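Colleague: I have the file open on my screen now. Could you walk me through it while I ask questions as they come up?

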Amino acid sequence: EGEQQVNDIGRFNGQQKKYDPFSNTYNPGSKGHQNLSYENRQQNFQPRPNYQPAKSNLLNPKGKGKKKRSWTFFAKSRPLPETIKQIPSIHICEGLAQEVFELSNEDKLEVVLIENLTMDYLSNGTSQFDEEIVRSLDAFSYKASKLDLKTLSAHLKYAFLKMFLFFSLNFGCLRANASSGKEIDQLALHKFKQGIISDPYGVFNSWNNSLHFCNWTGITCGRRHQRVTSLVLEGHNLVGSISPHIGNLSFLRFINLQNNSFYGEIPQQVGKLFRLQEFLLANNSLQGEIPYNLTRCSQLKMIYLQLNNLTGKIPAEVGYLTKLEMIQLSRNNLVGEIPPSVGNLSSLMIFAVMFNNLEGSIPIELGRLKSLNIFAVGVNRLSGLIPPSLFNITSLTYLAVTNNQLTGNLPDNICFTLPNLQNVVIGGNYFSGPIPNSLSNASQLLRVDFSSNNFVGRVPSNLGNLQSLLWLNFELNNLGNNSSNDLFFFTSLTNCSNLETLSIYDNNFGGVLPSSVANFSTSLIRLYLGVNEITGVIPAAIENLANLMALHMNENLFTGFIPSQFGKLQNLQSLFLSYNQLSGQIPSTIGNLTQLSVLVLSGNKLEGSIPSSIRNCQHLYSLYVAENRLSGELPKEVLGLSSLSKSLNLSLNSFSGNLPTEVGKLKNVNMLDISENNLSGEIPKAIGDCVSLEYLYMRGNFFQGTIPSSLASLKSLQRLDLSRNNLSGQIPKDLQEIPYLHLLNLSFHDLEGELPKRGVFANVSALSLIGNNKLCGGVPELGLPDCPTGIMKKVKFHAIKLLVIIACVVLFVLLILILFLILWMRKLRTKPSFAPLETNHC
């Protein structure tokens with residue numbers, strides 16, 4: 001259970017350094033805990049209004065008092081037997097029971113035996129009850145005889161007498177009308193079913209008249225009286241509202257409708273369920289305020305309403321639920337203060353109101369909760385000091401006040417007074433002072449999160465006593481003095497054999513990283529050392545931490561090479577070494593990290609090229625090697641990594657050559673930055689295949705030729721910087737059709753022609769065209785010269801003239817040919833014909 005609690009506290013938002021490509025929050029996997037989910041107001045406890053219970057004539061010896069129920073009116077005007085015949089006995093008995101409870105509360109008597117008597121009577125309805133009446137009343141009489149009879153008011157004594165007479169004469173009232181109660185339960189269940197609009201698993205298929213309702217799915221009845229005592233429909237993906245008729249299930253003790261999609265408000269009628277012990281509606285879509293009437297359910301032990309959309313304040317009257325043991329209201333939209341009356345709940349073990357909008361201070365009255373195990377008020381707007389009395393609750397195992405506005409120092413003896421503490425999660429506040437030396441006394445500690453505060457000084461060197469420690473987070477404080485022994489406590493941590501997460505990110509720790517880091521628990525998964533003043537070389541023996549998944553050492557003063565032994569960290573997913581003074585080449589063994597998803601090496605003095613073995617990192621989605629001394633051509637192995645879906649930053653290096661057409665394979669990448677290198681040649685048309693690109697930076701190279709029109713295919717593009725290259729020609733008009741483009745830098749080129757007027761070109765503040773003297777047109781705000789339309793007209797005129805001349809020449813030639821044909825045909829017609837000479841031979 002402790003381990004689960006460790007992993008189920010919400011994360012808080014820490015600072016982000018300007019060079020970090022990602023937010024530095026080191027509390028992953030902490031969302032969505034159903035029962036322990038993580039602002040500030042002071043609310044004065046308002047006592048419950050004076051409640052004057054109605055006194056019926058059956059119980060009032062003087063026949064006075066206001067009528068509360070209909071049966072009291074009948075009882076006043078008719079003899080008792082006739083009254084019983086005309087009014088359903090079940091209501092008479094329940095009414096009597098309720099009035100006795102109210103009278104006993106009014107006189108501040110602990111009439112436990114009378115309560116038990118009434119419950120048994122309402123439950124049994126059998127002949128056995130005669131003996132139970134006698135035994136119970138005899139026991140009560142004995143107890144009453146020990147009391148000072150002056151403390152019993154006359155009407156209360158008379159009430160017991162009338163109760164005795166009524167039960168003695170009419171013990172069969174329930175038995176004669178038992179079916180009435182059952183019909184009420186069955187009708188209430190049918191009404192509940194009518195409120196359901198989606199039942200994907202067919203839970204309500206059994207809810208029909210062919211089965212007794214006690215055999216319906218999710219229903220449990222009492223063994224003797226066959227009345228509904230339990231309604232459990234957890235996790236069935238039900239959609240619907242909660243019917244107000246649920247308040248008619250008067251024997252109901254347990255309601256569990258968690259993990260469904262119930263919507264609407266919680267009906268006020270739940271306040272009628274005076275036997276209710278568990279009210280579990282967590283993880284639904286319920287709205288409205290916490291019903292005030294719920295505070296009338298005096299038997300309640302558990303209220304689980306977390307993960308809903310509840311609004312309003314926590315009712316101050318919750319302090320009357322003296323049997324309450326667990327209250328879970330996390331992940332709602334509650335406002336106001338934590339009611340001081342919560343301090344009256346002496347049996348309370350769990351108080352969780354995380355992820356709301358609560359304000360004010362933590363009431364000092366909560367220090368009276370001597371049974372409290374879990375106190376979780378994180379991610380609200382609470383302010384002020386933690387009451388000192390809260391640190392004296394020795395039963396406390398879980399303290400979570402994360403992400404509020406709390407101030408002050410922690411008492412140095414905190415873990416002497418809280419020896420059973422397993423989780424102390426106080427990150428994201430304004431606590432100051434040193435880390436308490438007594439921390440090691442809470443030997444059961446699993447999770448320590450002091451992050452994002454103003455703690456100063458050294459970390460205690462005896463933390464090795466915490467043998468069960470899983471999580472130690474000191475990030476975002478002012479710990480350390482930039483001295484050589486700041487990290488001395490690392491040696492003691494080698495005894496924490498279960499340690500999984502260690503973060504000292506963004507503090508003032510100095511000195512050399514101790515070699516003992518290699519002796520940390522092999523269970524270590526996350527090691528965050530970034531943004532400090534740690535010096536020296538990176539210990540190669542870190543290879544011993546075989547289960548490391550995240551190693552962040554960025555923004556320190558590390559020197560030397562990147563250890564090739566890092567290639568043995570087969571489970572590594574995130575490696576941050578940026579902004580140190582590392583030199584040498586990127587080791588080829590980096591290709592062994594087949595699970596690597598983020599590699600950040602920016603801001604060092606690395607040389608050579610990116611090793612081709614990086615093609616083995618098929619899960620890599622972000623690669624940052626900017627601001628180094630890398631050279632050579634861009635590796636096709638990098639551009640061919642289809643897994644790159646977030647960022648590829650190769651800027652501020654000395655890469656040369658053409659941009660390979662393989663860049664088109666980066667179909668999933670979100671950001672590509674190749675700025676400030678020595679790249680040349682034309683921009684390949686394949687760049688248009690990077691359809692997921694939102695940010696494209698290519699400034700400060702030697703690209704030439706025209707701007708490829710294929711860039712218009714990047715419909716998700718938001719920023720495009722092609723400045724300071726040698727591009728020429730016209731700007732493709734299709735660029736104005738990119739819908740989300742809000743920054744375009746085309747400065748310092750030899751571009752010419754008319755500028756488009758729509759899209760990003762219509763927003764002067766989003767456009768930079770400095771150094772292009774041949775551009776014209778565009779929107780007037782740009783101040784560009786008008787395009788020379790006279791030249792265009794002259795060109796058009798010459799073109800038309802040429803066409804006319806050509807047409808005339810063709811026509812002339814055709815006419816000549818036609819004339820020649822005509823003349824030739826005439827000549828053929830006029831030519832004489834010669835007949836052959838006939839000669840006679842004698």
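**Charges and rings**

Modeller: Let me start with a charge over a ring: in this predicted model, the charged end of Arg331 is placed over the ring of Phe355, at 3.9 Å from the ring's centre.

Colleague: And what lies over the face of Trp471?

Modeller: That is Arg447, which is found 4.3 Å from the centre of the Trp471 ring.

Colleague: Switching to rings against rings, how many aromatic pairs are there in the whole structure?

Modeller: Searching the whole structure gives twelve aromatic pairs. One of them is Phe192 with Phe262, where the ring centres are 6.1 Å apart and the planes meet at 45°, so this pair counts as tilted.

Colleague: Where do Phe192 and Phe262 sit in the chain?

Modeller: Phe192 belongs to helix α9, which covers residues 178-194, while Phe262 belongs to strand β6, covering residues 261-265, so that the pair links distant parts of the chain, 70 residues apart.

Colleague: Are Phe192 and Phe262 buried or exposed?

Modeller: Both Phe192 and Phe262 are buried.

Colleague: What about Trp207 and Trp216, why is that pair called stacked?

Modeller: The planes of Trp207 and Trp216 are at 25°, with the ring centres 5.1 Å apart, and the pair is stacked because planes under 30 degrees apart count that way. Trp207 and Trp216 are both buried as well.

Colleague: Which residues form the aromatic cluster with them?

Modeller: One cluster is formed by Phe192, Phe204, Trp207, Phe213, Trp216 and Phe262, so the tilted pair of Phe192 and Phe262 and the stacked pair of Trp207 and Trp216 both belong to it.

Colleague: Now the annotations, please. What does UniProt give for residues 185-221?

Modeller: The unreviewed UniProt entry annotates residues 185-221 as "domain: Leucine-rich repeat-containing N-terminal plant-type". In the model, the chain over residues 185-221 is 27% helix and 16% strand, and its end C-alpha atoms are 10 Å apart.

Colleague: And where is the transmembrane region placed?

Modeller: The unreviewed UniProt entry puts the "transmembrane region" at residues 802-824. That span is 100% helix and 0% strand in the model, with 33 Å between its end C-alpha atoms.

Colleague: Last one: where is Ser383, and why is it called partly exposed?

Modeller: Ser383 is in strand β14, which covers residues 381-384. Its relative accessible area is 26%, and it is called partly exposed because that label applies between the 20% and 50% cut-offs. The C-alpha atom of Ser383 is 7.2 Å from that of Glu359, although Ser383 and Glu359 are 24 residues apart along the chain.

Definitions and conventions:
Residues numbered from 1 in each chain as written. Predicted model: local features only at pLDDT ≥ 70, side-chain atom pairs only at ≥ 80, totals over all residues. Heavy atoms only, no water. UniProt positions renumbered as here; feature names shortened; annotations may be inferred. Helix = DSSP H or I, 4+ residues; strand = E, 2+ residues; numbered from the N terminus. Buried < 20%, exposed > 50% of the residue type's maximum accessible area, 1.4 Å probe, protein only. Phe/Tyr/Trp six-rings, centres within 6.5 Å; stacked < 30°, edge-to-face > 60°. Lys NZ or Arg CZ within 6 Å of the ring centre and 35° of its normal.
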